[in-house]
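Trainee: Could you take me through one part of this model in close detail, and then show me how that part sits in the rest of the protein?

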Amino acid sequence: MRRISVCCFTGQAANTNRRKKKQIQESKPSTENRMEQPQMTNNGNGAGNSETVGDSMGNSNSSNSKTNIIVNHDFSQGLQSWHPNSCEGFVVSSDSDNPGLLARLVGGYAVVSNRKESWQGLEQDITARVSPCVTYSVSAIVGVSGHIQGSAEVIATVKLEQQGSGTQYLRVGKSTVSKGQLEKLEGDFCLSTMPDRVVFYIEGPSAGADILIASVIICCSKQGNDNDVSSSSSTNVILNHDFSQGLQSWHTNQCDGHVVSLDLGHPRHLANDVGSYAVVSNRTERWQGLEQDITSKVSPGLTYSVSALVGISGPTEGSSEEALATLKLEHTGSGANYMLVGKTSTSKGKWNKLEGTFSLSTIPDRVFFYLEGPSPGVNLLIKSVVICNPDCSKPKGQDSFCGSAAKDDENLIVNPNFEDGSNNWSGRGCKIAVQNSAADGKIVPQSGKVFAVATGRTQNWHGIQQEITGRVQRKLAYEVTAVVRIYGNNVTSADVRATLWVKNPDNREQYIGIANLQAKDSEWVQLQGKFLLNGSPNKIVVYLEGPPPGTDLLVNSFTLKHATKVPPSPLPIIENPAFGVNILQNSNLSDATNGWFPLGNCSLNVATGSPHVLPPMARESLGVHESLSGRCIAVTKRTQTWMGPAQMITDKVKLFLTYQISAWVKIVPGAASGPQNVNVALGVDNNWVNGGQVEINDDRWHEIGGSFRIEKQPSKVMVYIQGPAGGVDFMVAGLQIFAVDRVARFKHLRRHADKIRKRDVTLKFTGGDSSSLHGTFVKVRQTQNSFPLGTCISRTNIDNEDFVDFFVKNFNWAVFGNELKWYWTESQQGNLNYKDADDLPAMDQVPKQRRPNESSAKPQRYIEQVLDLQERGAAVGGIGIQGHIDSPVGPVVCSALDGLGILGLPIWFTELDVSSTNEYIRAEDLEVMLREAFAHPSVEGVMLWGFWELFMSRENSHLVEAEGEVNEAGRRLLALKKEWLSHASGEIDESGEFGFRGFHGSYRVEVVGLSKKVTKTFVVEKGDGDTPLVLNIDLSSS
């Protein structure tokens, strides 16, 4: 058997509240319970088996130098210390009436019978015999009997019970066992902190199968004093973790600290407390606390678990205070970043556990761990701090995978290739069967010998399913891969979906879409997708569904694994981008139509009379530019919408470079009946890319503008102009395609933002002796910009504390993703559901808007519809724009906003996201959109349409990876938010005033005198940009 090594962090263990346990039952063997006796595998040599099993047991029992923490490990005392879990159990011993070969070989074994669920088995409470940050090795001899076909999996599990936060489960190891044989089940586990109760048990085979257990051994896998965390420097990153050496290795952060020790006779802050603990006092800010430099003790790419015992004393404003564990990451030249690791609410008179985890993708110049949080004046008490690395003192050479119940490459699906028939699978509303062929032998497995068939389907949701409760963990990303096919009912192609069904502790059901594709009846296809659980459901089922009723769904294999972490995409290196240079040949038509060709059966001729000036969007990007030639391409004899002038540009386009498209277009009078769309399109291999379009309903010249970007090396790129109906002639002039220098425009946008988002402020200080204020040092810090920047959230997101932490820190507005939409609140007529919406925080602050029902974002159509609504008496309060953008170019975005801005109504981006496979390009796209919005006077707010991977409507648009790592796009958002905060410092002048220019929002000002420091808060409201805001700051009330 392959050895399984597990390191568990209790903050990230498997799903809580997994099973409801019934009253424990025990029974003695009866005639009905007698069974066939499994034989030891030894090629027919029974004596050899006896010797092997005897050696195995004899060398691993409780008399070994490594003490076995399992009591009655070989069942020599019956079931003493063991308990069946909602089933029955008894022991067959060597002195039984009919012991059989197995009992004679091993001296006795336990039988777990009358099992109705796969999780039912035999358990023992080991709470008092395990310690945190110590690795324990598990070895058991197990078998199966009873109603079972082929082989079955026997699983060793640790149940972790924590009062107030439910139960978590950790799979320790598993073994595939055949009927009539015994196998060794092995694994390891390590607990970073101690829950209230730890229970070890053996489970696994399907209902009806009996589990046989000959022996169980759990030993500490390291010699020496490993149970003492403080003695294992390789385990706990923190030095002097329990303050037994005073404050050695610890440092107070601009406050005072001392250690209370019973030996030193200090007064105790907590009654009946023993041992030493630190007291952090004279705190004047929440961030002041106790810190330790851990730079040399952490490594990149590893997950660390934090557990601390904290308390408070002194004057408190309420019944409890919040204590935080934080990392400070210092980079030379770029300041410090802060990472929240964990937090807990603590009150006077007792210790509270503070837990969390962290992982660093790279190691900065210095890494500090510190504890902070309570209000100024409140003492922070710290009894102990443990930070465990992922290896958890695991013996050298064993595999490590922390926070996960399985190796990354381990398939969590039992019987994934159906080699064991339909064991562990079931039909979802239909029947399932396992076959080696179908359709008279025309359908055979793509791999292996058999495949499963979901047949007799009468609904789309009918299919094949497997329960995976306890095998997946919250906050980890998993990847599903299935090889599927359809057959029957004359259906040649149909949608097949992988779906997750979960039932939460409050009985709320949830369906999570994982993946979908068009499956065929002619070949096997691979379905692939990812999912992540934010919460801890009671039950989890993965299933396949989708084809129409009457069509069979075939499955050849099914894989569920911890998703492989994709390495960050590198920053694209673009040599000689040639910004502003037109890549088209003969754009001014000085050489007739050379370089151009007709797409389809149409005619191209050179004509005159087109504009000599660049279109406005191009002028915005290119600045001063030579005039156009006045020549144009006249396109005639068109019979299809796609016909028009074309040019190959394959060798001229560079990957990851954003190109702007600009042209003048005109419909030839007389031929058109109604509005005509003209579109600049690109054919990239077999894909169509929209480069910009305009709707024309007259005979004037119109500007067409757009953009595109190619991120995968193509074999052929063609640009062409198309769109009007067949028979409608049109003209094209001054077509330009050029790379855009986005950074140059950012400077321009900063100047615009300074004008509309900032205000001159004069702080007029009063109170006390005004004459003595002259020359006093003043420090102004903006704490929040008032520009609304929000995101959509959903009910499931708030179960993920990492999601909530990022959301609360970085957004000031929110909108529900689906929870107040009709299909969500009343999916069945008369059955109302507002619970999901009620569970979300009351942060839905988006203003009431009337959004035109227009599928394509044409500013003129928006304007016409808004004017029509106003003429009919509608109170239009604002304009909402859905911006699901690819390769945005500033002038094109700004032109659309300018067009809508003429209505004088506030504009909101109600849904905004950008998409790119490269996170650096995605970051640049996001910066373009946010800067354009922030610098435009008509825009009053931006709502991102999500930010967390796997919880967004578009792929490659996330700012935070599924398991919580902020990517380059997320870091760009944080950098912009930091840029949009104003800070100033200086001295109060002789008039008792201090002036600065700052963004609208909330501020804190500190006035530092010789005898004291006074802190005040104030708000800079929007107003007339030319009129300074004068604020009176009364220093006498402090």
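Mentor: Let's begin with helix α10, where the buried residues are Gly 890, Pro 891, Val 893, Cys 894, Leu 897, Gly 899 and Leu 900. The helix has twelve residues, which should span 16 Å at 1.5 Å a residue, and its end C-alpha atoms are indeed 16 Å apart. Please keep in mind that this is a predicted model.

One partner of α10 is helix α9, whose buried residues pack against α10 (890-901) and also against strand β45 (879-885). The buried residues of α9 are Tyr 862, Ile 863 and Val 866. They cover an arc of only 100 degrees around the axis, so they lie on the same side of α9. With 13 residues, α9 (residues 859-871) reaches 18 Å from its first C-alpha to its last, close to the 18 Å expected at 1.5 Å a residue. Just after α9 comes Gly 873, with a positive phi of about 95 degrees.

A second link leads from α10 to helix α4: α10 is part of what covers the buried residues of α4, and this cover also includes α3 (616-622), β41 (758-766), α11, β47 and β49 (993-999). Buried in α4 are Arg 742, Arg 745, Phe 746, Leu 749, Ala 753 and Arg 757. They occupy an arc of only 105 degrees around the axis, and therefore sit on the same side of α4. Three arginines are named in that buried set, so do look at them in the viewer: Arg 742, Arg 745 and Arg 757 each count as buried because their relative accessible area is under 20%. On the face turned away from the buried side, α4 carries the exposed residues Lys 747, Arg 751 and Lys 755. As for its length, the 16 residues of α4 (residues 742-757) should span 22 Å at 1.5 Å a residue, and the 21 Å between its end C-alpha atoms agrees with that.

Helix α11, named in the cover of α4, takes us to the core. The largest nonpolar core has 66 residues, and those with the most contacts inside it are Leu 763, Phe 765, Val 780, Val 942 and Phe 1018. The biggest contribution to this core, seven residues, comes from α11 (residues 919-934). In soluble globular proteins, nonpolar side chains tend to be buried together. Leu 763 is a good residue to centre your view on: beyond its neighbours within four places in sequence, it is in contact with Val 780, Gly 992, Glu 993, Phe 994, Phe 996, Val 1005, Phe 1018, Leu 1031 and Ile 1033.

Two backbone details are worth a stop. Leu 950, in the loop between β47 (939-944) and α12 (968-979), has a phi near 75 degrees, a positive value in a residue other than glycine. This leucine is partly exposed, at a relative accessible area of 32%. Phe 243 also has a positive phi, near 60 degrees, and is likewise a residue other than glycine. Its place is the loop between β10 (209-220) and β11 (251-252), and Phe 243 is buried, with a relative accessible area of 1%.

For a link across the sequence, try Lys 565 and Glu 961: they are 396 residues apart in sequence, yet their C-alpha atoms are 9.3 Å apart in space. Lys 565 belongs to the loop between β30 (552-562) and β31 (597-599) and counts as exposed, at 59% relative accessibility.

Now for the wider setting. The protein has twelve helices and 52 strands, and 53% of its 1038 residues count as buried. Of the contacts between residues at least 6 apart in sequence, 76% join residues at least 24 apart.

Finally, a word on confidence. The mean pLDDT is 82, with 83% of the residues at 70 or more. Confidence is highest in strand β23 (residues 451-455), at a mean of 97, and lowest in helix α1 (residues 46-58), at 31. Residues 263-269 have pLDDT below 50, and the model gives this stretch 18 contacts beyond near neighbours in sequence. Over residues 842-857 pLDDT also stays under 50, with 38 contacts beyond four places in sequence. Where pLDDT is low, the predicted coordinates should not be read in detail.

Terms used:
Residues are numbered from 1 along each chain as its sequence is written. This is a predicted model: local features need pLDDT of at least 70, side-chain atom pairs count only at pLDDT 80 or more; totals for chains, interfaces and linings use all residues. Side-chain values use heavy atoms; hydrogens and water are left out. A nonpolar core is a set of buried Ala, Val, Leu, Ile, Met, Phe, Trp, Tyr and Cys residues joined through side-chain atoms within 4.5 Å. Buried means under 20% relative accessible area, exposed over 50%, partly exposed in between (1.4 Å probe, protein chains only). Helices (H or I, at least four residues) and strands (E, at least two) are DSSP runs, numbered from the N terminus. Contact means heavy atoms within 4.5 Å. The expected span of a helix is 1.5 Å times one less than its number of residues. The arc is that of the directions from the helix axis to the C-beta atoms. pLDDT is the predictor's confidence in each residue, from 0 to 100.
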